[in-house]
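Below is a short note on the pockets, salt bridges and strand pairing of this model. The points are numbered for ease of reply.

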Amino acid sequence: MKFVQIIGFETERLDEMRQLLQEAEQRSSDRTGGPTHRMLLKDRDKPNHYLALIEFESFDEAMRNSDDPETAKLAEQLGALSVGERVYTNCDVLESGELK
């Protein structure tokens, strides 16, 4: 079953965060496992509030990714660019599809 982690966070340094994420994606491009899809959303009602949706093939893949030292390092770097605590929501994907 596909799994999605939603991370809510606030930052005034979004460009720096995006640069870190691009670099991390480049480093992990030849690695198997890890995230399969991502989406970054900006909250229109709360300035500097964002939601990152990260999709994995399964909960187990997500946990393997979380255990990776590179992931821990990236989370620490992103945390330093955040204001306050990040909020994590873990979801099993029951349905997904494109609407026409």
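1. Largest pocket, size and centre. In this predicted model, the largest pocket has a volume of about 1100 Å³. Its lining counts 38 residues, and those nearest the centre are Leu 21, Pro 35, Ile 54, Leu 74 and Leu 78.

2. Largest pocket, contributing elements. Two or more lining residues come from each of β1 (3–10), α1 (14–27), β2 (37–42), β3 (49–56), α2 (59–67), α3 (69–80) and β4 (83–92). The element that gives the most is α1, with eight residues. Sorted by class, the lining of the largest pocket holds 20 nonpolar, 10 polar and eight charged residues.

3. Second largest pocket. Here the volume is about 220 Å³. The lining consists of Val 4, His 37, Arg 38, Met 39, Leu 53, Ile 54, Glu 55, Ser 96, Gly 97 and Glu 98. At least two of these residues come from β2, and at least two from β3. The class split for this second largest pocket is four nonpolar, three polar and three charged residues. Ile 54 is on this list and is also one of the residues nearest the centre of the largest pocket.

4. Glu 98. This residue of the second pocket's lining sits in the segment after β4. Is Glu 98 buried or exposed? With a relative accessibility of 77%, Glu 98 is classed as exposed, because the cut-off for that class is over 50%. Between Glu 98 and Thr 11 there are 30 Å from C-alpha to C-alpha, at a sequence separation of 87 residues.

5. Salt bridges, the Lys 2 pair. The whole structure contains five salt bridges. In one of them, the side chains of Lys 2 and Glu 55 meet at 3.5 Å, N to O. This pair connects distant parts of the chain, 53 residues apart, with Lys 2 in the segment before β1 and Glu 55 in strand β3. Lys 2 counts as partly exposed at 34% relative accessibility. Glu 55 has a relative accessible area of 19% and is therefore buried, the limit for that class being under 20%. Glu 55 is also in the lining of the second largest pocket.

6. Salt bridges, Arg 38 with Glu 25. The closest N and O atoms of this salt bridge are 2.3 Å apart. Arg 38 belongs to strand β2 and Glu 25 to helix α1, so the bridge ties together parts separated by 13 residues in sequence. Glu 25 is partly exposed, its relative accessible area being 36%. Arg 38 appears in the lining of the second largest pocket as well.

7. Salt bridges, helix α2 and the network. Glu 61 and Arg 64 form a salt bridge at 2.9 Å, N to O. The two residues are about one helical turn apart, because they stand three residues from each other in helix α2. Elsewhere, Lys 2, Glu 55 and Glu 57 are joined into one network by salt bridges that share partners.

8. Sheet order. How are the four strands ordered in the sheet? They form an open sheet in the order β2-β3-β1-β4, with antiparallel pairing. The edge strands are β2 and β4; each has a single partner strand, so one side of each lacks a neighbour in the sheet. From one strand to the next, the twist averages 15°.

9. Pairing of β3. Strand β3 pairs with β1 over eight bridges, in the antiparallel sense. One of the partners can be named: Glu 10 has His 49 in β3 as its bridge partner. The antiparallel pairing of β2 with β3 runs over six bridges. Arg 38 is opposite Ile 54 of β3, and both residues line the second largest pocket. Why is β3 described as largely enclosed by the rest of the structure? The reason is that six of its eight residues are buried.

10. Hairpin of β2 and β3. Six residues lie between the two strands of this hairpin. Asn 48 there has a positive phi, near 65°.

Note on methods
Residues numbered from 1 in each chain as written. Predicted model: local features only at pLDDT ≥ 70, side-chain atom pairs only at ≥ 80, totals over all residues. Heavy atoms only, no water. 1 Å grid on protein atoms, 1.4 Å probe; cavity = no way out; pocket = protein on both sides within 12 Å on 5 of 7 lines; lining within 4 Å. Points joined across faces, edges and corners; volume = space filled by probe spheres on them. Nonpolar A, V, L, I, M, F, W, Y, C, P; charged D, E, K, R; others polar. Buried < 20%, exposed > 50% of the residue type's maximum accessible area, 1.4 Å probe, protein only. Salt bridge = Lys/Arg side-chain N within 4 Å of Asp/Glu carboxyl O. Pairing = 2+ DSSP bridges. Axes fitted to C-alpha atoms, helices over the stretch in contact; angles between N-to-C directions.
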